[in-house]
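This report describes confidence, chain contacts and one chosen residue. Please have the sequence and the model open while reading.

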Amino acid sequence: MIKPVKSLKQRNLRDRVMESLLVFSTILVMAPLLIIIGYVVVQGASAINADFFIHELGSPARAMQGRPTGLVHSILGTAVVDFLALIIAIPVGLGAGVMLSEYPDHKLNPMLRIINDTLNGMPAILKGLLAFALIVKPMGTFSGLAGGVALAFVMIPIIARSTESALMSIPWTIREAGLAIGLPRWRVVLSTVMPAAKTGLVTGFLIAFARAAGEAAPLLFTSFGNNYLPNHWTGMIMGPVDTLPQRLYSLAISPYKEWHAMGWAAGIVLLAFVITLFITARMLTKEKKY
Amino acid sequence: MQSDLLKRPLPVIYRWLGDKIFLTVVVLLGLTIIFLALSMAWVLYKEGSLAIHQFGVIGFLKGSVWDPGVQYVFGALPFIFGTMVTSIGALAIAFFPAIAIAIFMAEYAPSWLSKIIENLVHLIAAIPSVVVGIWGIFVFAPWMRETVYLPVVNFATEHYPSLLPVLGSPIGYGMTTATIILALMIIPFTTALTRDAIDKVPREQREAAWALGATRWEVIRMAVIPYARGGIMAGTMLSFGRAIGETMAVAMLIGNKNNFPFSIFGPAATMPSVIINEFREAVGNMHLSSLMAIGLALFAISLIVNLVAAYISRKLSITGGQAI
Amino acid sequence: MEVMTKIQSHPTKNNLFNKVRKAFSNENNPPNSHGNNNGPQKPMADNNGPGRIKTGMQSAGNREKNMEKAAKKEGKEVRMETKNLNIRYGTTVAVDNVSLPIYNHMVTALIGPSGCGKTTFLRALNRMHDLTRDAVISGEVLLDGKNIYDPRVNPVTIRRKIGMVFQKPTPFPTMSIYDNVVAGLKLVGIKNRKLLDEVCEKALKQAALFEEVKDRLKSPGGSLSGGQQQRLSIARALAIEPEVILMDEPTSSLDPKSTAKIEDLIVELRKNYSIIIVTHNLAQATRVSDYSIFMYLGQLIEYGKTHKLFNNPKDTRTENYISGKFG
């Protein structure tokens with residue numbers, strides 16, 4: 001028997017030391033991140049009230065004079081812009097995902113996969129610049145539509161990837177069974193594979209939605225922002241419109257104390273919205289797995 | 001009746017036309033993504049061409065003066081420098097803790113704790129950048145000023161006055177604050193990617209190390225980390241890409257100073273932060289075009305980082321241990 | 001003394017489980033004894049002879065005594081021993097009250113249809129179940145008379161005495177061939193280059209791999225062929241000089257040529273080590289092993305000298321299995 005140089009005691013000690021280091025860094029990192037959530041919840045809860053949901057922001061004077069102000073226009077604007085983004089992003093992302101998973105031999109697939117991943121890794125602000133050049137410049141005005149397009153650019157690569165993996169998780173035998181009874185490929189995909197992968201697809205949409213809903217950078221120069229509700233609902237799409245993340249940024253960097261408080265309130269609403277989306281998505285995946 | 005139905009030829013959409021249409025639609029949608037990526041490069045180039053022609057590619061990248069007011073001269077160097085310093089700094093801070101959390105989750109923690117941490121990590125990764133930003137503005141930056149910057153600057157004033165320009169003004173909003181916030185923001189991302197890489201290590205590899213009489217830490221050193229290193233490095237690269245593109249929280253905390261010299265505590269700017277701050281107010285064509293050109297530079301850097309990540313994960317992913 | 005290893009704690013369930021087990025073993029009436037007419041006090045019938053054991057018909061205690069008696073006659077010493085070993089996953093019993101001795105310098109083959117618990121049993125012998133969080137083990141496993149499940153025993157030391165070779169070859173892909181072989185030594189801090197070189201060469205020679213790789217010890221372990229990788233795994237296990245080697249279907253993923261090499265190797269290694277091998281391949285069991293254990297549905301059905309078990313099985317289930325009627 002070869003004599004060990006390090007005793008078992010030493011090695012176990014090392015194991016213990018490393019474990020404590022790991023625990024220590026886990027706590028060290030999780031603590032500030034939880035503190036952030038805690039601050040937003042506490043500050044936001046004290047700043048939020050019923051006015052927040054029924055009034056529009058108006059000028060800074062309005063808040064300083066103590067007249068009721070709120071962010072109803074931002075909440076509605078966020079809903080419109082996010083919804084537009086989803087309508088644009090889902091068909092494109094879904095189609096690309098189907099192409100990647102159902103036509104695995106297609107010549108374009110390797111390139112599409114790399115480009116999609118790269119697009120996913122691109123800073124969201126560049127997607128805003130793209131939407132600015134493609135929509136805002138020709139239209140001559142900032143608009144909710146441009147904001148929706150910018151957010152769609154954020155969602156598309158995520159949906160494409162999640163659709164691909166959701167469809168891939170359906171075994172090939174299901175497709176073969178469909179083809180064997182004489183169904184054409186498109187029917188197999190649309191009425192067997194996609195319904196079977198429904199949960200995975202929806203989870204992907206939710207995750208993409210949550211990611212995009214928190215983005216402010218692409219919205220600042222597409223939907224721009226607006227202190228008031230547009231006079232007509234079409235103004236939400238065709239004209240500059242407010243969104244929560246972008247409004248939160250404007251409030252936070254403004255010089256008014258009253259607006260800072262409203263910023264915290266916007267923070268808790270935005271956080272609650274995004275986290276609800278994420279938790280729903282994760283619960284859906286769990287349901288699927290077990 | 002039934003035999004009639006069977007005899008009737010299938011509608012053309014069930015024979016060949018349907019598949020053809022379906023494939024065409026799907027491929028067109030796929031091409032949209034490729035088109036998007038290409039048009040992003042094209043648009044940024046076209047919109048930025050005015051500045052690029054005026055100053056030249058090298059001249060623009062090397063130019064250290066950004067003056068939209070008087071001289072009307074634009075150079076991207078301060079922002080490239082700011083982006084690189086904050087991102088590399090953030091990665092340096094985030095790397096070990098992020099991997100530590102992933103290892104703790106995967107190898108040490110009991111499964112209930114591991115599940116809690118995993119959910120928390122995903123939850124934290126979902127916090128919007130602006131929400132972190134507002135906390136940074138009102139809580140973190142003032143706290144850093146009071147507990148770190150001011151004491152250090154006061155100490156330096158007394159003992160090493162020559163250091164003061166390097167430290168910069170301790171207003172709280174500056175490079176160090178932005179770097180730390182950036183590190184906090186990419187940790188969950190790095191952790192999740194590292195966890196994915198660790199999960200891909202086959203059980204057999206771990207068991208082989210156990211069977212040699214390794215302790216838990218030795219199993220991690222011997223079997224887990226070497227096997228997962230490709231995934232870990234690719235994940236780190238992707239996190240670096242995230243840090244480079246991270247916009248809102250940095251713009252809210254870095255203090256937005258557009259010209260050299262930058263200092264450790266003092267304000268600075270990054271490529272995304274300058275675009276966010278000036279794009280809405282930019283009036284001159286050259287100013288707008290210069291901002292677009294900065295966008296193009298950001299695009300190029302992100303592209304390289306993403307491609308390198310893809311290359312690493314392909315090159316370093318291990319197939320040898322599972323030859324059969 | 002009965003030691004419980006609780007990896008996942010179900011205190012009430014465990015106790016109940018244990019009580020039931022105890023009741024069975026106290027009455028010397030394990031569930032696998034059908035129509036047991038031999039009382040526990042009744043001495044073993046002489047006509048049972050060495051190695052001829054009617055396990056299916058006997059209580060655990062008698063079986064043990066008998067095996068020991070037989071072993072003494074042949075001059076074999078007991079290296080390992082299991083006593084009332086039970087392993088379950090949740091409510092599924094994977095190994096059911098198995099008691100048996102393992103002899104020194106012998107190759108013992110574990111055979112049985114898939115799912116019969118033979119791999120689970122093997123992994124219990126060097127505490128590999130500590131790693132999966134859902135296995136519950138009770139009973140004793142003795143190595144040289146000491147219970148390895150004693151809470152004071154560190155599993156790390158046990159695994160250095162009882163090496164293991166897995167179904168799939170598991171070289172560490174980022175390490176060179178050389179580093180793979182000496183990995184176990186580097187763990188205990190041995191850095192003496194000369195010593196490492198010696199051990200590496202010796203282990204590779206024992207594993208009949210040295211000639212094939214001596215010129216490329218620095219190339220990665222993953223660059224070898226499947227059979228070579230498996231011999232590398234064996235060399236790695238030998239380098240730490242264990243006393244017992246467990247092999248879990250070591251040839252199941254290999255081609256016939258590599259299989260033959262590894263079988264020769266096993267026969268050769270038996271001079272220095274005690275080997276326990278799980279195999280699906282009955283022909284392999286007859287080729288390499290001295291003793292064979294037939295397990296079925298988690299129970300030990302028959303244990304004896306390989307040629308006797310195969311030529312003259314005592315239990316109809318053994319007979320059916322080795323004649324290919326199931327499995």
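Which elements of chain B have the lowest and the highest mean pLDDT? Helix H1 (residues 2-7) of chain B has the lowest, 59, and helix H5 (residues 77-108) of chain B has the highest, 94. Here pLDDT is the predictor's confidence in each residue, from 0 to 100. Helices (H or I, at least four residues) and strands (E, at least two) are DSSP runs, numbered from the N terminus.

The model is predicted: local features need pLDDT of at least 70, side-chain atom pairs count only at pLDDT 80 or more, and totals for chains, interfaces and linings use all residues. Residues are numbered from 1 along each chain as its sequence is written, while chains are lettered from A and ligands numbered from 1 in the order in which they are written.

**Confidence in chain B**

The average pLDDT of chain B is 88, and 93% of its residues score at least 70. Over residues 320-324 of chain B the pLDDT stays under 50, and the model has 15 contacts beyond four places in sequence for this stretch. Two residues are in contact if their C-beta atoms, placed from the backbone, lie within 7 Å.

**Contacts between chains**

The contact between chains B and A takes 72 residues from chain B and 73 residues from chain A. Helix H3 (residues 17-55) of chain B gives the largest share of the chain B side, 19 residues.

The contact between chains B and C takes 21 residues from chain B and 27 residues from chain C. On the chain B side, the elements that give two or more residues are helix H10 (203-211) and helix H11 (216-245) of chain B. The largest share, 6 residues, comes from H10(B).

The table divides each chain B side by residue class: Ala, Val, Leu, Ile, Met, Phe, Trp, Tyr, Cys and Pro count as nonpolar, Asp, Glu, Lys and Arg as charged, and the others, Gly among them, as polar.

| Side of chain B | Nonpolar | Polar | Charged |
|---|---|---|---|
| touching chain A | 52 residues | 15 residues | 5 residues |
| touching chain C | 12 residues | 6 residues | 3 residues |

**Ala156(B)**

Ala156(B) lies in helix H7 (residues 129-159) of chain B. Ala156(B) counts as partly exposed because it has 16 C-beta neighbours inside 10 Å. A residue is buried if 20 or more other C-beta atoms lie within 10 Å of its own, exposed if 12 or fewer, and partly exposed in between, with C-beta atoms placed from the backbone. Beyond its neighbours within four places in sequence, Ala156(B) is in contact with Pro161(B), Leu163(B), Leu164(B) and Leu167(B).
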